Amino acid sequence: MAEHLLAVLLATTSARGSALVAQWPPYATSSPRFKRAPPKSPYSSSELDNPWKASHPPYHPPADQQPSTLADDYFWESTNTSVPRDRSTSVSNRHTSSERDNAADESRDVEDPSTDEAYHQLFGYSSEFLASLLCPNQGMCHQKFELIVDEVAFIGHPVCADDDEVWRFRTEARNRHGPRGREGKAQNAPSRDDSAGQFSGWLHTFHFVFVLDLPDTSSAASGNVAKFMDVIYEQLAFPITAVLFREQVLSNFVEQECDKLLALRDNSLQNGCSFMEFSELSLLESSISLAVKAVFEAVRNGTVAYITLNDLPLELQLPPYLHRLLKSQSDFEGSDKIEPGSEDDRMARWGEDMKMGWRLPELAPWKALLLLEDDTWDPAAAMKAVPLNPDDRETAETLLKFLELASVTLSLSDMATLLDWDVETQVFPVVRWLVQHRRAKVVDLVNPGLRTVYTAPCKFDHTIAELTAEFQDAFPPEAHPELPPLPSILATISHSASLSTTNESTFYAALVKDKSAIPVWQDVVLWMLERDLLVTLHLHIRLVATVELKALASNRRKRAMKERGRAKKIDSTPKADEAAWVSMSPRTAHNFSRRMSSKDSGKSQLKEEEEESSGIDQSEMDNDDEDSIITEPGKANRKQRSWLAAMDEGKDPRIAKLFKQINQYFDGKRSDSEILYRADISKTQLRELLHHYSPHIITFLHPS
């Protein structure tokens with residue numbers, strides 16, 4: 001997302017005309033499009049030659065050497081482009097997606113245009129014309145706005161006053177995402193609400209706009225670009241506009257802020273101030289300007305925007321992995337997370353707001369909560385600063401206790417038990433809030449003795465060099481000489497995960513090796529979990545029916561059939577008996593009919609067994625000479641159930657009873673943590689059961 005956001009604007013229309021009242025960055029430019037990949041280094045074209053790069057050390061240009069310019073045939077330009085792009089600037093001024101820094105640095109990189117151009121031009125268009133374009137007529141206000149001009153997209157939600165120039169709240173007849181077309185517009189037409197708002201002034205329309213470099217549709221899955229823009233609208237544009245519209249109706253806030261900014265703009269023009277100076281002064285005068293800058297920088301840096309509009313605090317953010325919608329799905333193979341768009345029902349626990357672009361694991365009772373380090377957040381101090389009634393104070397104290405209990409060694413279900421909370425209705429909402437506000441992460445349960453099996457992820461969000469530097473800052477070699485460098489740790493756990501036995505592949509066996517070193521290594525594990533450098537491997541279980549087991553089950557079925565055959569008595573003269581009931585007494589006839597019905601039920605039961613046996617997959621009927629995996633023990637057919645029953649041969653009745661209760665979870669899809677929670681058993685019981693049924697069990701390690 002960082003590379004696609006070009007600017008954030010506030011456009012207005014009034015009796016004074018149209019204007020861009022606030023914008024950030026001060027000197028916004030659209031990104032260049034290339035016909036082919038430009039060289040990574042603007043100093044040396046030799047770096048395009050891979051053999052040359054492999055045989056030479058990294059090239060560091062002299063301080064006085066100027067970067068070279070790209071030839072015009074590198075750049076692509078749409079045939080519909082009406083405003084020619086300037087080719088005279090150097091390549092250092094044409095930032096690619098990986099070269100852009102924060103807004104302040106970018107605004108200084110671009111050559112400052114003259115004062116008049118900066119005040120009156122944006123993206124090659126007149127500011128007044130662009131503002132009039134972004135503030136449509138009244139019929140197109142109070143709904144989603146999306147305008148694409150060449151490779152630039154404008155997204156927002158324009159709002160306006162009523163016909164009498166009075167700002168009032170409006171009640172929607174339908175949801176704002178209603179059907180399109182004339183009928184949809186008629187149903188979506190807002191109605192007036194005269195219950196509040198009596199402010200009338202010069203402001204008629206305002207529009208908080210996000211300007212995006214239009215993503216390349218060819219590099220994204222079908223429909224993902226539209227989803228990408230919808231998320232920006234729903235998570236940023238609409239909430240900010242809703243708050244501004246509310247404050248305008250209640251206190252004329254937006255008009256007052258625009259008065260300040262327009263007056264400051266006129267004074268800056270008269271005094272000959274540059275547009276950069278005007279932009280910096282506006283941050284001191286207007287909370288809207290501060291909000292525009294804060295939102296822009298938060299989106300570009302991938303952080304949370306903390307803004308205040310008329311003393312009303314807001315926290316706004318985009319999903320941290322929203323940009324993955326614009327990438328090919330093959331770029332993320334091997335991820336252990338539930339991806340956006342997955343139809344897995346387990347994602348429903350996160351809610352609709354966190355279903356797209358969050359890259360979240362499953363929210364389950366057997367998971368744990370990892371609180372992220374944040375020096376700016378002190379919930380205890382915040383609770384003391386706000387006056388609370390007794391009921392709210394009791395709830396707040398319970399929440400503080402929840403935060404104190406939160407640990408990677410304690411599952412969410414155990415926390416619910418200690419707090420006497422319900423997992424679904426009380427624990428999960430708190431976890432969702434903490435994760436959404438980036439105060440915590442949901443992780444797999446960590447063994448207190450670090451006897452957990454980990455492996456390294458397929459890809460890292462940062463380079464190894466950056467992560468190694470952070471690791472050395474967190475754990476200085478002088479204070480922790482026993483800790484190896486981060487690359488060595490990652491290499492060790494990657495190798496240990498491939499060892500034959502689970503005991504040898506645990507984190508403790510691979511790296512700790514001493515109980516006295518567990519505390520410092522626990523801190524290392526927490527540090528690595530915060531940065532997604534560890535993937536937990538869980539034990540998964542499957543059941544296998546061996547050839548010997550199938551033979552045993554077959555012999556047992558044959559013996560059972562023979563016993564039923566001996567017990568079966570076939571009446572060879574049913575017709576004589578049926579004719580005799582006419583001369584019988586009523587009681588004798590009743591007993592005769594009951595005897596005949598029992599014979600019929602026995603025949604129907606035998607017929608059902610034959611039909612079910614004939615319905616068994618032919619592949620299962622013919623593979624008695626080779627081992628077979630019971631894919632879903634919970635949905636086993638009659639023949640598979642006979643295999644499961646044969647596994648109990650010679651087992652302790654207590655163990656056999658436990659096996660019948662939990663073998664439904666041995667489908668290879670459920671982790672050991674989930675099995676322990678759903679079956680409500682201990683690790684010792686599971687270990688004992690696996691030992692007794694080891695000839696018929698396959699275990700393997702896999703991410704949950």
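At a relative accessibility of 17%, Arg359 counts as buried, a class defined as under 20% relative accessible area, with exposed being over 50% and partly exposed in between (1.4 Å probe, protein chains only). The model is predicted: local features need pLDDT of at least 70, side-chain atom pairs count only at pLDDT 80 or more, and totals for chains, interfaces and linings use all residues. Residues are numbered from 1 along each chain as its sequence is written, and side-chain values use heavy atoms, with hydrogens and water left out.

**The whole protein**

The protein has 704 residues, of which 41% count as buried. It contains 26 helices and 21 strands; helices (H or I, at least four residues) and strands (E, at least two) are DSSP runs, numbered from the N terminus. Of the contacts (heavy atoms within 4.5 Å) with a separation of 6 or more, 71% are between residues 24 or more positions apart.

**Salt bridges**

A salt bridge is a side-chain nitrogen of Lys or Arg within 4 Å of a carboxyl oxygen of Asp or Glu. The structure has 20 salt bridges.

Arg359 takes part in one of them, with Asp461 as its partner and 3.9 Å between the closest N and O atoms. This pair connects distant parts of the chain, 102 residues apart: Arg359 sits in the loop between E14 and E15, and Asp461 in the loop between strand E17 (454–455) and helix H14 (464–474).

A salt bridge also joins Arg439 and Glu315, at 3.9 Å from N to O. Here 124 residues separate the partners, with Arg439 in the loop between H13 and E16 and Glu315 in strand E14 (residues 312–316).

Glu470 pairs with Arg531, and their closest N and O atoms are 3.1 Å apart. Glu470 belongs to helix H14, while Arg531 is in the loop between helix H18 (518–530) and strand E18 (535–545), so this salt bridge ties together parts 61 residues apart in sequence.

The table lists how accessible the partners of Arg359 and the residues of the other pairs are.

| Residue | Relative accessible area | Class |
|---|---|---|
| Asp461 | 47% | partly exposed |
| Arg439 | 7% | buried |
| Glu315 | 36% | partly exposed |
| Glu470 | 33% | partly exposed |
| Arg531 | 27% | partly exposed |

In addition, Asp667, Arg670, Glu674 and Arg678 form one network through salt bridges that share partners.

**Strands**

In a regular strand the side chains alternate between the two faces of the sheet. Strand E13 (residues 305–309) has one covered face, made of Ala305, Ile307 and Leu309, and one uncovered face, made of Tyr306 and Thr308. E13 runs antiparallel to E14, and five bridges join them; two strands pair if DSSP finds at least two bridges between them. Within this pair, Leu314 of E14 stands opposite Ile307. The strands form a hairpin with two residues between them, where Asn310 has a positive phi near 55°. E14 is also the strand that holds Glu315, the salt-bridge partner of Arg439.

Strand E16 (residues 440–443) is covered on both faces: Ala440 and Val442 are buried on one side, and Lys441 and Val443 are buried on the other. Strand E15 (residues 368–371) runs antiparallel to E16 and is joined to E16 by four bridges. Leu369 has Val442 of E16 as its bridge partner.

**Two helices in contact**

Two packed helices are described by the angle between their axes and the distance between the axes. Helix H11 (residues 390–405) and helix H13 (residues 423–436) have axes that come within 12 Å and cross at roughly 70°. H11 is therefore roughly perpendicular to H13. Angles of 65 to 115 degrees count as roughly perpendicular, under 35 as roughly parallel, over 145 as roughly antiparallel and the rest as oblique. The axes are lines fitted to C-alpha atoms, for helices over the stretch in contact, and angles run from 0 to 180 degrees between N-to-C directions.

Which residues of H11 and H13 make the contact? H11 contributes Leu399, Phe402 and Leu403, and H13 contributes Val427, Val430, Val431 and Leu434. By type, the residues of this contact are seven nonpolar, no polar and no charged. Nonpolar covers Ala, Val, Leu, Ile, Met, Phe, Trp, Tyr, Cys and Pro; charged covers Asp, Glu, Lys and Arg; the others, Gly among them, are polar.

**A loop residue**

Gln138 is found in the loop between helix H4 (127–134) and strand E7 (145–149). Its relative accessibility of 28% makes Gln138 partly exposed. Leaving aside residues up to four places away in sequence, Gln138 touches Cys160, Ala161, Asp162, Asp163 and Arg170. Cys160 is 22 residues from Gln138 along the chain, and their C-alpha atoms are separated by 6.6 Å.
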